[in-house]
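Dear colleague,

I am handing over the structure below, and after it I set out what was found when going through it. Please read the notes with the model open beside you.

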Amino acid sequence: GILGLEGARDQYKLLIDKILETSPNVEIHLISVTYTLPDLGKKTLNNENIAQYNILLQKMAEENGWGYIDLVTPISDGNGNLAAECCSDGYVHLSKTAYALWETALIDYATRRQLAVRRRQSQKL
């Protein structure tokens, strides 16, 4: 919140750069930030800003050749909010339903990444 969206993204990038300095061969995969239930965001931590921040994260991932995992869409109500059935506390924390959806999304992401790696390897042969 206090850094603004771009400032938060820039600080995240600095952290990742430090990780890459010590572990240059590590793969980086960014994960989206999840929403709150409708109209329950606090100050700058609201669903509109979260959506904008996720766009910044996705662009940063693309610009740097990193992966981006969209875990917000599977648990969204389709209107930029956390779906009620995916919320366990009436605010922001996730339910078992949400984690099951995340599991599916993560498996799909890993499968797509693995297939892409295999395609690149077969093209080299």
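Val26 sits in the loop that runs between helix H1 (4–22) and strand E1, and with a relative accessible area of 39% this residue is partly exposed. Together with Leu15 and Ile19, Val26 makes a nonpolar surface patch of about 240 Å². Please keep in mind throughout that this is a predicted model, and that every value here is computed from it.

The overall layout may help to place that loop. The secondary structure of the protein chain comes to three helices and two strands, and from the N terminus on these elements run in the order α-β-α-β-α. Along its principal axes, the C-alpha trace spans about 55 × 30 × 20 Å. The protein chain has 125 residues, of which 30% count as buried, and it exposes about 8,400 Å², with carbon and sulfur atoms supplying 54% of that area. If one takes the contacts between residues at least 6 apart in sequence, 63% of them join residues at least 24 apart.

Helix H3 deserves a closer reading. It covers residues 96–124, and since these 29 residues at 1.5 Å a residue should span 42 Å, the separation of 42 Å between the end C-alpha atoms agrees with what is expected. The buried residues of this helix are Ala98, Trp102, Ala105 and Tyr109, and they pack against strand E1 (29–31) and strand E2 (67–69). Ala105, which has its place in helix H3, has a relative accessible area of 15% and is buried because that value falls under the 20% cut-off. Leaving aside neighbours within four places in sequence, Ala105 is in contact with Leu71 and Pro74. Its C-alpha atom is separated by 25 Å from that of Leu15, a residue 90 places away along the chain.

Turning to the interior, the largest nonpolar core has 16 residues, and those with the most contacts inside it are Ile75, Leu82, Cys86 and Leu94. Helix H3 gives the most to this core, with four residues. When residues up to four places away in sequence are not counted, Ile75 touches Thr34, Asn81, Leu82, Ala83, Cys86, Leu94, Ala98, Leu101 and Trp102. There is also a second, separate core of nine residues, which includes Leu30, Tyr53, Leu57 and Ala61.

A polar residue in helix H2 is also worth a look. Asn54 is found in that helix, which covers residues 47–64, and at 6% relative accessibility Asn54 counts as buried, because the value is under 20%. Apart from neighbours within four places in sequence, Asn54 is in contact with Ser32, Val33, Tyr68 and Val72.

Finally, the charged pairs: the structure holds three salt bridges. In one of them Arg9 pairs with Asp10, the closest N and O atoms being 2.9 Å apart, and Asp10 counts as partly exposed at 36% relative accessibility. In another, the side chains of Lys13 and Asp17 meet at 2.9 Å, N to O; both residues lie in helix H1, four residues apart, which is about one turn of the helix. Lys13 is partly exposed, with a relative accessible area of 23%, and Asp17 is likewise partly exposed, with a relative accessible area of 27%.

The side chains of Arg113 and Glu27 also meet in a salt bridge, at 3.8 Å from N to O. Arg113 lies in helix H3 whereas Glu27 lies in the loop between H1 and E1, so this pair ties together parts that are 86 residues apart in sequence. The two partners differ in exposure class, for Arg113 is partly exposed with a relative accessible area of 32%, while Glu27 counts as exposed at 57% relative accessibility, because that is over the 50% cut-off. This salt bridge brings the notes back to the loop between H1 and E1, where Val26 is also found.

With best regards

Terms used. Residues are numbered from 1 along each chain as its sequence is written. This is a predicted model: local features need pLDDT of at least 70, side-chain atom pairs count only at pLDDT 80 or more; totals for chains, interfaces and linings use all residues. Side-chain values use heavy atoms; hydrogens and water are left out. The expected span of a helix is 1.5 Å times one less than its number of residues. Buried means under 20% relative accessible area, exposed over 50%, partly exposed in between (1.4 Å probe, protein chains only). Contact means heavy atoms within 4.5 Å. Patches are made of residues with over 30% relative accessible area and no salt bridge: like charges are joined within 9 Å, nonpolar side chains (Val, Leu, Ile, Met, Phe, Trp, Tyr) within 5 Å. Accessible areas come from the Shrake-Rupley method with a 1.4 Å probe; for residues, only the protein chains shown count as cover. A salt bridge is a side-chain nitrogen of Lys or Arg within 4 Å of a carboxyl oxygen of Asp or Glu. A nonpolar core is a set of buried Ala, Val, Leu, Ile, Met, Phe, Trp, Tyr and Cys residues joined through side-chain atoms within 4.5 Å.
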